[in-house]
Amino acid sequence: MANVTDLQTKYSKLAQEYSKLRAQNQVLKKGVVDEQANSASLKEQLKQREQSLRKQEQEMDSLSFRNQQLAKRVELLQEELATSEARNKKGKSKGDSPLQHGIQTQSVFDEDLQKKIEENERLHIQFYEADEQHRKRETELRARLEELERDADQHQTVVDGLNTKYVETIEKLQSDKARLELKTQTLEREAKECRMRTEECQQQLRRCQSELSRQVKQSSSVIQEKVPFNDTKFSDYNSLNVPSHNRRHQLKARDVASQALSFIQDLVAALLNFHSYTEQRVQIYPLDSSLEPISPLNQKFSHHLLENAAYVRPLEESFLQLYQSITEDTVTVLETVVKLKNFAETFSSYTRFLQKILPYQLKSLEEECEAPLCTAALTVKNQELQSDMKKVTSVFDKLQSYIHLLALPSVQQDAVPPSSTSAVFTQLAACLHGLHDAIKEMSKHYNQKASIEQELPTVTQKLCTTTECLLGSLGSLTSSTGKIATFFSNNLDFFTSPGYSPRGTSVTLNPLQAESMLANKKKAAAYIHAIKRARPQSVPYREALSNRRILTSSTESREGLTQQVQQSQEKIARLEQEKEHWLLEAQLGKVRLEKENQRIADLEAQLAAALGGGSDTQTATASTLSHSHEVAETEQKATGKEATLCTSLVGMLCTTPTVEHVGDEESREQLIKTHYMARVGELTTQLQISDSKAVHFHSECRALAKRLTIAEKSRETLNEDVKVANQNISRLQDELATTKRSYEDQLSMMSDHLCSMNETLSKQREEIDTLKLGSKGNAKKNKGR
């Protein structure tokens with residue numbers, strides 16, 4: 001019903017929004033109509049202006065025509081004036097009256113001409129002004145018309161968009177309405193079904209209550225009659241009872257221990273790599289031990305770091321022993337896990353190791369800061385690393401104290417109260433998260449320091465490789481600590497929950513109760529095994545006959561097998577004799593090889609002593625050396641052994657001529673030393689790269705395995721969802737079939753009802769017609785009478 005009310009409120013809100021949109025649509029339509037009326041009026045004004053412009057153009061044309069006429073008249077008057085002046089010049093003998101008359105007419109013409117010229121100028125000016133005003137007005141009106149047309153187009157687009165939007169909203173609302181109606185119908189059906197189910201559940205509840213009350217009465221009567229003393233009534237007595245064995249708790253404990261063992265192995269590998277690469281970095285930076293001696297502090301620090309395996313590997317071994325002690329046939333609680341004490345001791349020894357190397361780490365970083373090429377940024381990063389190392393050591397110290405507290409109940413009973421155990425586990429989880437955060441900060445600061453060091457001009461490739469390996473070990477250490485922290489937080493409920501306790505109490509389990517519980521479990525298992533022991537089946541007759549034939553054939557073949565065994569023993573004895581013979585031959589070959597090496601050494605000593613004697617002695621000694629080598633090769637081939645000549649740098653340096661004997665030996669020793677040091681450096685770099693690749697591949701493999709498990713889980717969940725969906729589809733198909741069947745039945749019933757109604761109506765019409773005919777006949781008879 002709540003869903004129906006929600007749907008009704010949603011439908012009312014949609015109706016209100018529809019009414020609002022409809023009112024806005026009417027307002028916008030009114031605005032569009034007003035704008036269309038304004039545009040029509042402006043168009044009419046524009047037409048009127050154009051008509052007035054045409055009138056003014058016609059007046060302008062008439063004025064220009066009159067102006068041309070006046071110009072022609074002025075030209076005619078000027079010609080007449082010229083002719084009159086010429087006449088006046090010719091006939092001066094005439095009287096004054098006609099001259100005066102000509103002057104007067106000339107003055108009249110001049111005044112008339114002047115007036116016409118002024119009028120013409122005034123008309124020109126008016127026409128120019130009217131033309132300018134008309135142009136301005138026309139441009140303004142055109143701009144206004146374009147603006148209004150743009151506004152009209154915009155309004156039209158808005159109106160079209162709103163119309164489409166309203167149509168879409170109307171369709172959407174209609175579809176929502178239909179969907180909501182269907183939903184209301186389905187919800188009503190579900191509500192009816194729920195009512196029916198609730199009624200059924202209430203009936204079942206009544207039956208269960210009556211059954212439970214009957215069982216309670218029966219059990220209480222049995223307890224009163226049969227049980228003389230109820231020890232579970234008092235907590236002191238109940239604490240003496242032996243609880244039942246919890247196999248599920250043991251399986252969960254073993255699973256958790258196996259996961260913790262894998263995480264501890266990753267942590268141990270990361271710590272070993274971190275300490276080893278730190279020792280290699282101390283040997284390289286700030287001073288390279290292959291070129292010059294490092295400081296005594298760094299020597300001690302390197303010596304302590306080389307001992308890290310003696311403190312780190314026992315962590316894995318002790319936890320492996322703890323994991324092996326947790327089986328299905330044991331009781332796993334803090335009071336019975338004795339191997340946890342060994343793990344706590346190994347962890348405390350590793351914590352003491354960290355506290356021992358902490359001052360050396362801090363002093364080593366200070367020595368790096370005192371280097372001449374150390375920048376200010378590098379100094380800041382070294383200081384941050386010092387604080388990070390202090391924090392990591394303090395966190396390990398806290399972890400050691402919490403693990404020691406958890407290991408105390410297995411040594412001393414009631415050392416830690418049960419109410420404090422959950423608090424210890426919670427603090428341990430928080431401390432593990434703190435360790436992860438501290439190592440993460442240290443890794444970040446190391447990355448920043450490495451990026452700053454790479455910009456220095458004196459950085460070697462060896463230092464870069466060691467730093468990359470150190471950063472990789474820090475990354476694996478960060479990931480392993482994060483996994484341990486999340487694992488411990490996820491299983492915190494399991495750690496804090498009491499796995500074994502007598503019924504009705506929360507008292508912890510002591511070792512005596514655990515032994516009694518295991519003894520009871522073994523007795524119960526033996527009893528069940530004795531009950532379920534199956535009877536041995538009898539062998540059929542045919543199978544017994546075939547077994548007898550096989551037995552007789554096997555006795556016959558036994559003699560042949562014994563002969564083969566004797567032959568094989570003889571072969572083994574002969575091969576043992578050959579083996580002893582070849583061992584003696586190998587020893588003899590070794591003795592000969594040692595003699596030849598001694599002779600070659602003597603010849604080299606003689607050659608070194610006779611180096612100042614000239615080239616003849618050198619060639620002679622060289623020939624003797626080659627001859628001795630050939631003799632050694634022939635002897636070794638005769639004994640059946642392969643020998644290889646020394647063609648390395650040492651062999652070539654043996655025949656290098658020098659001036660001074662002492663200087664030659666020192667240079668040769670220095671070259672040999674540098675050669676082997678370079679070779680050792682190359683091998684260490686290759687080893688570091690291979691270790692880092694192995695760690696990387698190992699982490700990738702673990703990540704891929706986890707992803708595979710997650711994918712399998714997701715596949716299982718999806719399969720379950722598909723099954724549920726198929727079930728829903730089948731259920732809906734059944735419902736559809738039932739509704740379809742019911743509708744068909746209703747339609748058939750309605751069609752039958754309509755047929756019956758049509759038959760009744762036709763009968764009634766026939767009766768009405770017969771009655772009308774009868775009434776008409778009776779009326780005619782009455783008239784005839």
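**A walk through an all-helix prediction**

Of the 785 residues in this chain, 24% count as buried, where buried means under 20% relative accessible area, exposed means over 50% and partly exposed lies in between (1.4 Å probe, protein chains only). What you're looking at is a predicted model, in which local features need a pLDDT of at least 70 and side-chain atom pairs count only at pLDDT 80 or more, while totals for chains, interfaces and linings use all residues. Residues are numbered from 1 along each chain as its sequence is written, and side-chain values use heavy atoms, with hydrogens and water left out.

Start with how far to trust it. The average pLDDT over the chain is 76, and 78% of the residues score at least 70; pLDDT is the predictor's confidence in each residue, on a scale from 0 to 100. Over residues 614-662 the pLDDT is below 50, though this stretch still has 34 contacts in the model beyond near neighbours in sequence. A contact here means heavy atoms within 4.5 Å. Where pLDDT is low, the predicted coordinates should not be read in detail.

Now the overall make-up. The chain has 16 helices and 0 strands, both taken as DSSP runs and numbered from the N terminus (helices are H or I with at least four residues, strands are E with at least two). Among contacts with a separation of 6 or more, 84% are between residues 24 or more positions apart.

Let's begin the tour at helix α4 (residues 247-284) and helix α10 (residues 461-490), whose axes come within 8 Å and cross at roughly 155°. Those axes are lines fitted to C-alpha atoms, for helices over the stretch in contact, and the angles run from 0 to 180 degrees between N-to-C directions. α4 and α10 are therefore roughly antiparallel, the label for angles over 145 degrees (under 35 is roughly parallel, 65 to 115 roughly perpendicular and the rest oblique). The crossing of α4 past α10 is left-handed, meaning that the near helix is turned anticlockwise from the far one by less than a right angle; clockwise would be right-handed. The residues of this contact divide into 16 nonpolar, 10 polar and 4 charged. In that scheme Ala, Val, Leu, Ile, Met, Phe, Trp, Tyr, Cys and Pro are nonpolar, Asp, Glu, Lys and Arg are charged, and the others, Gly among them, are polar.

For a single residue in α10, try T467. T467 counts as buried because its relative accessibility is 9%. Leaving aside neighbours within four places in sequence, T467 touches R281, A450 and E453.

Helix α4 also has α5 as a partner: their axes come within 9 Å and cross at roughly 160°, which makes α4 roughly antiparallel to α5. Here H275, T278, E279, V282 and Q283 of α4 meet N298, F301, S302 and L305 of α5. By class, that's 3 nonpolar, 5 polar and 1 charged.

From α5 (residues 296-305) you can step on to α7 (residues 339-369), which packs against α5 at about 145° with the axes 10 Å apart. This crossing is left-handed. On the α5 side, L297, N298, K300, F301, H304 and L305 take part, and their partners in α7 include F353, Y360 and E367. The class count for this contact is 6 nonpolar, 4 polar and 4 charged.

Last stop: T674, in helix α16 (residues 661-784). T674 counts as partly exposed because its relative accessibility is 39%. T674 and L291 are 383 residues apart in sequence, yet their C-alpha atoms are 9.8 Å apart in space.
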